[in-house]
Protein chains: 2
Amino acid sequence: MIKAAVFGYGNIGSGVVRVIEENADRVEKAVGDKVEVKYVLDLREFEGDPIRSRVVHDVDVIVNDPEIQIISETMGGNEPAYTFTKKALEAGKSVCTSNKELVANHGAELIRIAAEHHCNYFFEASVGGGIPIIRTINEALTQEHLLEISGIVNGTTNYILTKMDREGAAFDTVLKQAQDLGYAERNPEADIEGYDAVRKIAILSSLMSGQNVNYEDLHVEGITKISSEDFLYAAKLNRSIKLLATAKKVGEKYLAMVAPFMLSKDHPLASANDVFNAVFVKGDMLDDSMYYGRGAGKLPTASAVVADVIEAARNLGRHLPINWEEQPAKLVAFEDAKHCFFVRIDRASADEAKAKEVFGKGEVVTVDALANEFAYLTEEMSEKEFAAKKASLNGVLSAIRVDKRA
Amino acid sequence: MIKAAVFGYGNIGSGVVRVIEENADRVEKAVGDKVEVKYVLDLREFEGDPIRSRVVHDVDVIVNDPEIQIISETMGGNEPAYTFTKKALEAGKSVCTSNKELVANHGAELIRIAAEHHCNYFFEASVGGGIPIIRTINEALTQEHLLEISGIVNGTTNYILTKMDREGAAFDTVLKQAQDLGYAERNPEADIEGYDAVRKIAILSSLMSGQNVNYEDLHVEGITKISSEDFLYAAKLNRSIKLLATAKKVGEKYLAMVAPFMLSKDHPLASANDVFNAVFVKGDMLDDSMYYGRGAGKLPTASAVVADVIEAARNLGRHLPINWEEQPAKLVAFEDAKHCFFVRIDRASADEAKAKEVFGKGEVVTVDALANEFAYLTEEMSEKEFAAKKASLNGVLSAIRVDKRA
């Protein structure tokens with residue numbers, strides 16, 4: 001019998017207990033031993049709930065219990081999760097987390113501490129809940145030089161963009177619907193401004209580079225400026241508009257960022273709609289691959305935590321190396337990053353010849369329903385160059401980066 | 001230094017050597033030690049090739065060399081691969097294979113032999129070359145009760161169907177083009193009749209059930225009867241036609257089969273086009289997920305073999321359990337399997353009222369270009385029931401199963 005504890009009995013934490021108990025047959029078969037949740041750490045009492053007898057309020061009860069070998073950290077946020085996780089790892093207990101905030105902030109350090117104490121810090125559930133992307137990068141693709149990881153890693157924004165695409169609705173309208181349905185939070189900033197996605201791409205690009213990518217160093221743009229007009233053009237171009245969290249190897253450096261992109265409907269990522277997530281990975285030998293599933297939700301996320309609990313249980317006393325050092329990764333300066341751009345221009349301020357004069361070679365796109373404007377699809381140029389050109393042209397209504405691949 | 005050998009220096013085997021040597025930095029980092037290919041077993045001499053000095057013709061040189069700890073079996077076919085693999089495992093050497101034929105025929109037995117000799121028999125590359133689906137099932141999803149695994153697992157047929165869909169071309173025309181381009185073999189039977197796909201779904205459904213599924217017990221239909229007319233209807237229905245290898249849990253039994261299906265273009269599998277493969281997996285907690293990539297090709301397949309070599313190197317002397325017993329899995333009799341059907345009917349022989357009388361409730365579909373016929377989309381019924389109804393109606397031109405999901 002392997003004894004485990006759960007830190008934080010909220011949505012995900014209670015899901016972890018449920019998956020371990022409802023699928024106990026599968027867990028036992030996978031581990032070769034039963035796994036039992038002995039404690040739940042939470043400030044609440046849960047009077048009348050069957051979990052009541054296992055609830056403790058003091059982390060030291062768990063950390064000092066030599067029977068406990070594995071902990072699920074499903075508290076979220078930096079503190080006290082950081083302090084509690086360090087204590088647990090220093091006591092030689094493996095920690096399996098869904099806490100992207102903590103992993104993005106302290107992942108490399110916590111992996112080192114786990115290594116020093118012959119245990120493991122696993123975080124499959126921190127990115128793309130129901131998609132085993134972390135294990136894929138750390139185990140299935142370790143032989144590859146990874147060239148790109150680009151993902152749709154936030155379900156709320158993907159739901160909103162999918163609805164805007166299908167229904168022609170405005171951003172504010174769809175956000176309100178999403179809030180009413182519980183798909184978006186009352187304070188939706190973390191999702192719609194890309195703050196959630198940028199933490200996830202910091203984690204993925206750290207694993208890609210083997211060094212630490214700080215999300216505070218990355219360019220991040222959300223979806224609040226995306227309009228129903230943008231989708232009219234996108235449809236004409238056979239494209240979707242997706243919030244991409246993307247990391248690419250550029251020479252010996254890495255470019256990681258979050259922004260909306262126009263993406264061909266033939267690109268595999270374009271098939272991820274509604275609340276689904278997908279992560280596209282390109283390796284030097286493997287070429288293109290993609291991993292698709294539910295990015296959030298109680299049971300898919302809890303299932304990912306339990307997959308880590310099983311891996312930890314199969315490797316008690318044995319640290320499995322993860323390629324993520326504390327040294328900072330070398331990043332491409334955002335202003336030097338190169339992209340193609342879609343630019344909407346007001347005809348009252350500039351004509352097509354003027355657009356060509358400013359942006360250089362490119363393609364004019366028009367939509368019947370929008371007679372007072374046109375769009376210009378530029379060739380590839382640096383962010384700095386584009387920003388200067390855009391500032392020099394009157395009548396620019398909006399701009400979106402374009403992924404030119406089919 | 002870990003010493004390895006490669007059985008069979010063909011397309012995949014030479015790729016394995018290339019990945020291990022070109023990506024030696026990645027392999028060393030993942031393993032924590034260098035991996036060297038000491039021998040290549042092949043009947044040929046490879047005069048003038050740098051590999052020449054490592055070529056041996058006698059398997060016993062490799063099996064009796066105590067330095068060798070890991071073998072890539074990339075010979076293909078049952079014999080002598082089966083005999084050589086058994087010898088290697090019995091000598092305690094882990095074997096990593098791309099040989100779907102051997103895995104489908106003897107997987108459960110070879111896993112047992114590996115367990116008895118504290119080594120591993122890994123076969124990531126046997127299904128969906130560049131897609132880490134085997135590792136995903138065996139490691140990332142072990143906590144799940146899997147409800148469905150459905151895949152597009154043959155690149156040749158997917159290429160042909162994609163071309164027929166996009167260009168409206170006939171099967172024979174596209175097959176000839178595919179042969180000229182090298183995407184289809186001169187003797188294409190194994191691909192177009194579904195014999196390749198059925199071996200792969202036998203492997204996947206064995207892992208799903210934990211017991212042995214013999215591909216000879218499964219229903220298999222290829223794509224030779226799919227016509228350009230079928231694609232006209234599919235387009236009208238917003239569907240693709242895909243050769244699906246599918247396994248579903250039905251009560252306590254499993255239904256596994258290979259056949260063309262009409263699939264909604266909104267289903268994630270429909271985004272796998274050309275030679276790409278994709279595998280859809282539904283679990284009880286995880287819900288829907290999908291894994292997409294190159295299904296074949298020298299380097300993607302070799303990369304998958306090398307991922308297994310790394311896993312074997314990380315676990316020398318330690319058998320990692322795989323849930324696949326030799327006991328036969330309980331299968332649903334094909335005639336009892338339930339599907340919806342798309343049926344093309346010649347108007348000269350039967351009208352829409354007659355179709356409804358025979359097939360019961362359903363939907364009539366017509367296409368302007370095909371005035372002399374119509375199609376009928378039935379509700380769900382058993383294969384036995386459908387076969388009887390179809391036989392009782394004159395004028396049935398063709399029939400394809402329909403996956404009714406969005």
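This passage describes the domains, sheets, chain interface and backbone features of a predicted model with chains A and B.

Because the model is predicted, local features are reported for residues with pLDDT of at least 70 and side-chain atom pairs count only at pLDDT 80 or more, whereas totals for chains, interfaces and linings use all residues. Residues are numbered from 1 along each chain as its sequence is written, and chains are lettered from A and ligands numbered from 1 in the order in which they are written.

Chain A comprises domain 1 (2–129 + 298–314), domain 2 (136–294) and domain 3 (338–403), with bounds that come from an automatic or database domain assignment. A distance of 28 Å separates the C-alpha centres of domain 1 of chain A and domain 2 of chain A. Their contact involves 11 residues from domain 1 of chain A and 14 residues from domain 2 of chain A, two residues being in contact if their C-beta atoms, placed from the backbone, lie within 7 Å. On the side of domain 1 of chain A that touches domain 2 of chain A, helix H5 (residues 100–116) of chain A provides the largest share, 6 residues. Helices (H or I, at least four residues) and strands (E, at least two) are DSSP runs, numbered from the N terminus. This side of domain 1 of chain A consists of 5 nonpolar, 4 polar and 2 charged residues. In this classification Ala, Val, Leu, Ile, Met, Phe, Trp, Tyr, Cys and Pro count as nonpolar, Asp, Glu, Lys and Arg as charged, and the others, Gly among them, as polar.

In chain A, an open sheet of 6 strands follows the order E3-E2-E1-E4-E5-E6, with parallel pairing; two strands pair if DSSP finds at least two bridges between them. Strand E3 (55–56) and strand E6 (121–122) of chain A are the edge strands, each with a single partner strand, so one side of each has no neighbour in the sheet. Strand E5 (residues 94–97) of chain A runs parallel to E6(A) and is joined to E6(A) by 2 bridges, with A:Tyr121 as the bridge partner of A:Val95. In chain B, 6 strands likewise form an open sheet in the order E3-E2-E1-E4-E5-E6 with parallel pairing. Strand E5 (residues 94–97) of chain B is paired with E6(B) through 2 bridges in the parallel sense, and B:Cys96 has B:Phe122 as its bridge partner in E6(B).

Antiparallel pairing occurs around strand E9 (residues 239–250) of chain A, in which 9 of the 12 residues are buried. A residue is buried if 20 or more other C-beta atoms lie within 10 Å of its own, exposed if 12 or fewer, and partly exposed in between, with C-beta atoms placed from the backbone. Strand E7 (residues 146–152) of chain A is joined to E9(A) by 4 bridges in the antiparallel sense, and A:Gly151 is partnered by A:Ala245. A further 12 bridges connect E9(A) with strand E10 (residues 253–264) of chain A, also antiparallel, and A:Leu263 is the bridge partner of A:Ser240. E9(A) and E10(A) make up a hairpin with 2 residues between them, and A:Gly251 in the turn adopts a positive phi of about 60 degrees.

Chain A superposes on chain B by a rotation of 180 degrees with 0.0 Å of shift along its axis (RMSD 0.0 Å), the fit being by least squares on the C-alpha atoms of residues with pLDDT of at least 70 in both. This is the relation of a two-fold axis. Within chain A, the C-alpha of A:Tyr291 is nearest the axis, at 2.4 Å. Both copies use the same surface, as 100% of the contact residues of chain A recur in chain B.

At the interface, 41 residues of chain A contact 41 residues of chain B. Helix H2 (24–31), helix H6 (133–140), strand E12 (287–294) and helix H12 (298–314) of chain A each contribute at least two residues to the side of chain A that touches chain B. That side contains 19 nonpolar, 13 polar and 9 charged residues. E12(A) is linked to strand E12 (residues 287–294) of chain B by 5 bridges in the antiparallel sense, among them the pairing of A:Ser289 with B:Gly293.

Several backbone features stand out by their torsion angles. The peptide bond from A:Glu79 to A:Pro80 is cis, with omega near 5 degrees, and A:Pro80 is located in the loop between strand E4 (68–73) and helix H4 (81–90) of chain A. A:Asp287, in strand E12 of chain A, has a positive phi of about 70 degrees although not a glycine.
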